[in-house]
Amino acid sequence: MPKNLVIVESPAKAKTIENYLGKDYVVKSSFGHVRDLSEKGLSVDIANHFAPEYVIPSEKKKVIAELKKLAKSADCVWLASDEDREGEAIAWHLAEALDLKEENTRRIVFNEITKSAILKAIENPRGIDYNLVNAQQARRILDRLVGYELSPILWKKIKPSLSAGRVQSVAVRLIVERERERSAFQIQSYYRVTAVFQSENKSFKAELSQKFSTRKEALNFLNTCLTASFSVSQIEQKPGVKSPSAPFTTSTLQQEASRKLGYSVARTMQLAQRLYESGKITYMRTDSVHMSDFALQSAEQAIYQLFGKQYHKRRQYTTKSKGAQEAHECIRPVDMSVSAAGADNAETKLYDLIWKRSIASQMADAQLEKTQISILSPVPQTYFIARGEVLTFDGFLKVYMESSDDDEEESSEQHLPALKQGDALQANAITATERFTMPPARYTEASLVKKLEELGIGRPSTYAPTISTIQNRGYVVKEERPGTTRSYHVISCVNGTLKEDMYNETTGAEKNKLFPTDIGALVNDFLVDNFKEILDFHFTANVEKEFDEIATGNLKWVEMIESFYKPFHHIVDNTEKHSSRVTGKRELGVHPATRKPVYALIGRYGPMIQIGQVEDEEKPQYASLRKGQSIENISLEEALDLFKLPRKVGVFEDKEITIGIGRFGPYIKHDTLFASIPAGLDPMTITIEQAIDIIIQKREAVSNRVIHNFEGTDIQVLKGRFGPYISFGKLNYRIPKGTNAESLTLEEVQAIIVNSQPTGRSAKKDASAKNASDKKKKAAKKPAKKTTQSKTPAVKKTAAKTSKKQ
């Protein structure tokens, strides 16, 4: 057996490292964490200084057994998990679970998977850093305490199956508050005046320094321009410089990959993990922008070779984040001379982004020549301003330009003609265009990460899980939403005449933006009302700083948890006793025909409209809200429209077409066929022709899935997402591996059905129904017992026996 056992987190990482080490080393994977707090109960002994109760999950017992066997026969065990707090905790859990002895256990860390980095780590081992372990442990325990105590209150006061968390609840609060800022925002119109001037054969654009609040003001100004003459009042020229951005940290990579590539935060981290484990980039969870001397030299050589000496400028960036927890490098390519890498297109694109940002960070500034021309307008103290810039040396822009979340109205990169003060100009056109003030933008995943980082909430390892969690729990949705049409007014002054026109534009269209759901808003309001401190941005940021203090050994984790838990638990008790149940119920008005009140509220199955009172003799009517509707702003008219479904559209092939709305949105029903209504079509206005088109498209989609349709039976062989399968009634059956689905006969299919178990939700329901039926049959066969005083003890005795067997 090999003398050395090296344990890493992932099999991909193990494979790469094993190639670098000799025959004396065997590299195995722990497949992530090997111990955690039990899912059953709190698993934290509050009375015993918050001692955690760790368990090895059932799916990890086989892994631990194999590692234990290898560890016993090895002379030395090397714990090579990642170098952040999470990785340090994994190393400690492995040492505990495997009963490793300190004298033959080594902890090694590296921030890139290269032969030189691995060998250097082997030469410089250390012990487990218990400060880092305690910082991770404190986070895990604190988050368990918060979730375990808050979630049951939400079940009682709002609805079952809800959950709350320390960081996720703050993230939801940011999104809810941004949506309400937008709802409260009063859009105002104004007029922006632009002009096209000409000097000899060269034309250029300029904008008036003043904006007008009303059409009348804009019209008056343009009237004065009809007979005005224009000339150059002032020319300012000065050199400009653009400098490159620092190399990537976790948060800036997530932001830029979202802007440039459209990747979600979770997707970016998955791809970065794969690039790291295959030895292409350095460790991807970091808030450091530092670059090693070796990397700086490697970047210099690459820039000299690709672009020339004049494009290089050595730079060492410093980390701005006060709570930076990792002392390793930025995210950069392991080999700066490799400009393309990745196992697939998605990996290649991300690697390209990382390479360009890293190389650009070591390149020279871009040199610009900026020019501003002021042109006196007919109104005193107002000028038309023309801005232009010429790129005299591209520098780092040859490789990379950082994106922005802000939408720029217009670029200033126009080439201006050679002019001097006093030169006369001709106004080809002057236009006043009605524009509108904009509410604050909704968050994207990238801008939410940026905001969390600005507030000091979360750390590199927590951004992606936080954003995934708030979406998975239904508090936030990431959606595309269509805009609305609005009119705007344009007044033009051309060739000495004024002209007014009205145009239409689409406004408010959103792509991949984060929207709070009704249940997310309701949970947020309840938590803010009752747990204001927990939801406070500064409080959450201070908790993160305390974790940092624990990581550096300046604070004991038990003391930190104690100072948090006592006041928190008191608030939990008080809230449970004195707060009322909330539904977000809002009265919209009364039904015009029945005069019954109409409410918007959160019900057992989500947001809905209720007509009538629960106490009324006649039961209330209910309707679910459509996608994009909210109980916070739905109108009475919109609410009443929901009760117009299902509606009959017409007849097709002697069968009625009905439009309804279900749990997953509006649909068309024709005979036994159900088809979802595409986004953009209003179920209230769909015509018979549109409905027939949707039905035909659905039929074609279904027929393309059919491999076999056995006549006279309800058995089909279909193409599925994970390969061919058998459909029999409402049940599905897997086709054995290696079987040619296209050549199956009816008899062979029937044999598969008889000899295998069905799969899917319908199968589970069928099994549950069968179990219930079997229990009823067994119960019916048993003789009825007489009710006597000894019944209760007899039941207890049986329960005790059952427990003993288990």
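Here are a few notes on two backbone oddities and one sheet in this predicted model.

1. Start with Phe31, where phi comes out near 55°, a positive value in a residue other than glycine. That is worth a glance, since most residues other than glycine have a negative phi. Phe31 sits in the loop that links strand 2 (25-29) to strand 3 (36-37).

2. Is the Phe31 side of things buried or exposed? Phe31 falls in between: its relative accessible area is 46%, so it counts as partly exposed.

3. His49 is the other one to look at: not a glycine, yet its phi is positive at about 55°. You'll find His49 in a loop too, between strand 4 (44-45) and strand 5 (51-52). With a relative accessibility of 51%, His49 is classed as exposed, because the cut-off for that label is over 50%.

4. Further along the chain there is an open sheet of 4 strands, ordered 19-20-21-22 and paired antiparallel. Its edges are strand 19 (586-590) and strand 22 (621-624), each of which pairs on one side only. On average, neighbouring strands in this sheet are turned by 25° against each other, ignoring direction.

5. For a closer look at one pairing, take strand 19 and strand 20 (residues 597-603): they run antiparallel and are joined by 4 bridges. Which residue of strand 20 is the bridge partner of Glu587? That would be Tyr599. As a reminder, strands of a sheet pair through backbone hydrogen bonds.

Note on methods. Residues are numbered from 1 along each chain as its sequence is written. This is a predicted model: local features need pLDDT of at least 70, side-chain atom pairs count only at pLDDT 80 or more; totals for chains, interfaces and linings use all residues. Side-chain values use heavy atoms; hydrogens and water are left out. Helices (H or I, at least four residues) and strands (E, at least two) are DSSP runs, numbered from the N terminus. Buried means under 20% relative accessible area, exposed over 50%, partly exposed in between (1.4 Å probe, protein chains only). Two strands pair if DSSP finds at least two bridges between them. Axes are lines fitted to C-alpha atoms, for helices over the stretch in contact, and angles run from 0 to 180 degrees between N-to-C directions.
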